[in-house]
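Here is an informal walk through a protein model, going from one residue outward to the whole chain. Have the structure open while you read.

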Amino acid sequence: MVATVAQPSEITAADLSSAMASSRLKYLSLGVLVFQTTTLVLTMRYSRTLQAEGPRYLASSAVVVAEVMKIVACVLLVFKEHSYSLRALNSVLRQEIAHKPIETLKLAIPSGIYTLQNNLLYVALSNLDAATYQVTYQLKILTTALFSVSMLSRKLGVYQWLSLLVLMAGVALVQWPSESSGANETEAVSAGSQFAGVTAVLVACCSSGFAGVYFEKILKESKQSVWVRNIQLGMFGLVFGLIGMLAYDGERVSESGMFQGYNTITWTVVALQALGGLVIAAVIKYADNILKGFATSLSIILSTLISYFWLQDFEPTGVFFMGALLVIGATFLYGYEGKTSPNPSRA
């Protein structure tokens with residue numbers, strides 16, 4: 001009788017310990033994502049505006065190299081998971097990839113969309129000023145929320161919908177350009193490139209929302225390792241990336257090579273992109289795509305602060321601080337709603 005009474009107590013304690021560990025992993029992954037996104041934005045923007053001798057590096061080439069890095073990193077992680085056994089690694093890759101072609105093909109859809117999205121972001125940063133790019137790209141938070149509701153049947157409470165609106169208003173205020181800088185940047189960008197940049201960001205927002213939720217659905221409906229899933233994603237992404245590179249930059253690749261214009265900054269951008277894919281996978285595993293969007297928004301604020309204190313090319317205003325408070329408030333508002341309505345897919 002005593003054992004029967006003690007058993008639920010032991011289970012409850014184990015469940016609480018597991019929940020606390022999962023919560024710590026979730027916020028740790030979100031913190032790493034903020035750091036990765038902040039660094040990526042700064043280095044990518046710098047690499048696209050850096051005046052250097054010789055040809056500029058090809059964006060399509062950078063996307064391909066990032067996919068290769070991601071595949072190698074995921075293979076090493078699977079290798080580590082199986083106690084550094086080559087036999088176990090070979091068995092897992094054959095069973096989960098080669099012997100399950102239908103499951104593998106499911107990843108072709110989000111992989112192709114992710115490849116398109118990565119190329120579009122380079123196009124956007126090459127044609128838009130930073131403020132316009134960063135503000136417009138936050139529409140992915142709204143598209144992710146809509147896809148989460150429609151594809152995952154996720155129920156968002158009133159506070160969560162309100163937090164999305166507050167977040168959008170806050171990010172818009174944070175990135176609101178001053179009249180002088182906005183006028184100068186507008187004069188420097190032609191109408192054609194402005195339209196191309198805005199179109200690229202809008203398509204990337206829609207593709208980001210759909211692909212992220214689609215990948216989340218696949219991850220949470222299967223017991224497959226997240227790293228094996230990323231190997232599958234990387235395989236298709238590598239194929240799609242190579243096709244895109246040869247289609248759009250084939251002549252330049254044949255003339256000057258795939259790695260033309262590469263330098264330390266370029267390799268840093270590529271490495272951060274590859275790391276970003278793995279971090280996002282971990283975030284999806286322990287949280288959801290909307291919370292990932294909030295972390296990205298916070299990284300924009302950090303990018304702006306670093307630009308002011310380190311690069312000294314930004315003058316914050318009262319509007320900036322008001323927007324920062326709105327974004328932080330929206331983050332806490334969404335997190336409060338999440339505690340009252342736990343994510344059922346985390347079981």
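## Starting at Ser-47

Leaving aside residues up to four places away in sequence, Ser-47 touches Arg-56, Tyr-57, Ile-265 and Val-269. Bear in mind that this is a predicted model. Ser-47 sits in helix 1, and with a relative accessible area of 6% it is buried, because anything under 20% falls in that class.

One of those contacts, Tyr-57, is worth following. Arg-48 lies over the face of the Tyr-57 ring, 4.8 Å from the ring centre.

## Rings that meet

How many aromatic pairs are there? The count comes to eight. In one of them, Tyr-57 and Tyr-262 meet edge-to-face, with 6.3 Å centre to centre and 75° between the planes. This pair links distant parts of the chain: Tyr-57 is in the loop between helix 1 (2–49) and helix 2 (59–81), while Tyr-262 is in the loop between helix 11 (226–256) and helix 12 (264–286), 205 residues apart. Both Tyr-57 and Tyr-262 are buried.

Phe-259 and Trp-267 make another kind of pair. Their ring centres are 5.9 Å apart and their planes are at 25°, so the pair is stacked; the cut-off for that label is under 30 degrees. Phe-259 is partly exposed at 45% relative accessibility, and Trp-267 is partly exposed too, at 37%. Follow the ring pairs along and you get a cluster of Tyr-57, Tyr-122, Phe-259, Tyr-262 and Trp-267.

## Tyr-122 and the cores

Tyr-122, a member of that ring cluster, also turns up in the largest nonpolar core. That core has 24 residues, and those with the most contacts inside it are Met-44, Ala-62, Tyr-122, Tyr-133, Tyr-137 and Val-201. Helix 1, helix 2, helix 5 (108–127), helix 6 (130–137), helix 10 (191–221) and helix 12 each give two or more residues to this core.

What does Tyr-122 touch, not counting residues up to four places away in sequence? The list is Met-44, Arg-48, Tyr-57, Ala-59, Ala-62, Val-63, Val-269 and Gln-273. Two of these have come up together already: Arg-48 is the residue lying over the face of Tyr-57. Val-269 is also among the contacts of Ser-47.

There is a second, separate core as well, with 22 residues, including Ala-108, Phe-215, Leu-233 and Leu-278.

## Salt bridges

Side chains of opposite charge can pair when their charged atoms come close. Here the count of salt bridges is six. Glu-103 takes part in a bridge with Lys-106, at 3.3 Å from N to O, and in another with Arg-229, also at 3.3 Å. The bridge between Arg-229 and Glu-103 links distant parts of the chain, with Arg-229 in helix 11 and Glu-103 in helix 4 (residues 101–105), 126 residues apart.

Are these three side chains buried or exposed? Glu-103 is partly exposed at 27% relative accessibility, and Lys-106 is partly exposed at 34%. Arg-229 is buried, with a relative accessible area of 1%.

Elsewhere in helix 11, Arg-252 and Asp-249 are three residues apart, so about one helical turn separates them. They form a salt bridge in which the closest N and O atoms are 2.5 Å apart. Arg-252 is partly exposed at 44%, whereas Asp-249 counts as buried at 9%. As for shared partners, salt bridges join Glu-103, Lys-106 and Arg-229 into one network.

## The whole chain

Stepping back, the protein has 14 helices and zero strands. Of its 347 residues, 43% are buried. The accessible surface comes to about 18,100 Å², and 68% of that belongs to carbon and sulfur atoms.

Contacts that reach along the sequence are a theme here. Among contacts between residues at least 6 apart in sequence, 86% join residues at least 24 apart. Two pairs described above fit this picture: Tyr-57 with Tyr-262, 205 residues apart, and Arg-229 with Glu-103, 126 residues apart.

Methods:
Residues are numbered from 1 along each chain as its sequence is written. This is a predicted model: local features need pLDDT of at least 70, side-chain atom pairs count only at pLDDT 80 or more; totals for chains, interfaces and linings use all residues. Side-chain values use heavy atoms; hydrogens and water are left out. Rings of Phe, Tyr and Trp (its six-membered ring) pair if their centres lie within 6.5 Å; planes under 30 degrees apart count as stacked, over 60 as edge-to-face and the rest as tilted. Helices (H or I, at least four residues) and strands (E, at least two) are DSSP runs, numbered from the N terminus. Buried means under 20% relative accessible area, exposed over 50%, partly exposed in between (1.4 Å probe, protein chains only). A charge sits over a ring if NZ of Lys or CZ of Arg is within 6 Å of the ring centre and within 35 degrees of the ring normal. A salt bridge is a side-chain nitrogen of Lys or Arg within 4 Å of a carboxyl oxygen of Asp or Glu. A nonpolar core is a set of buried Ala, Val, Leu, Ile, Met, Phe, Trp, Tyr and Cys residues joined through side-chain atoms within 4.5 Å. Contact means heavy atoms within 4.5 Å. Accessible areas come from the Shrake-Rupley method with a 1.4 Å probe; for residues, only the protein chains shown count as cover.
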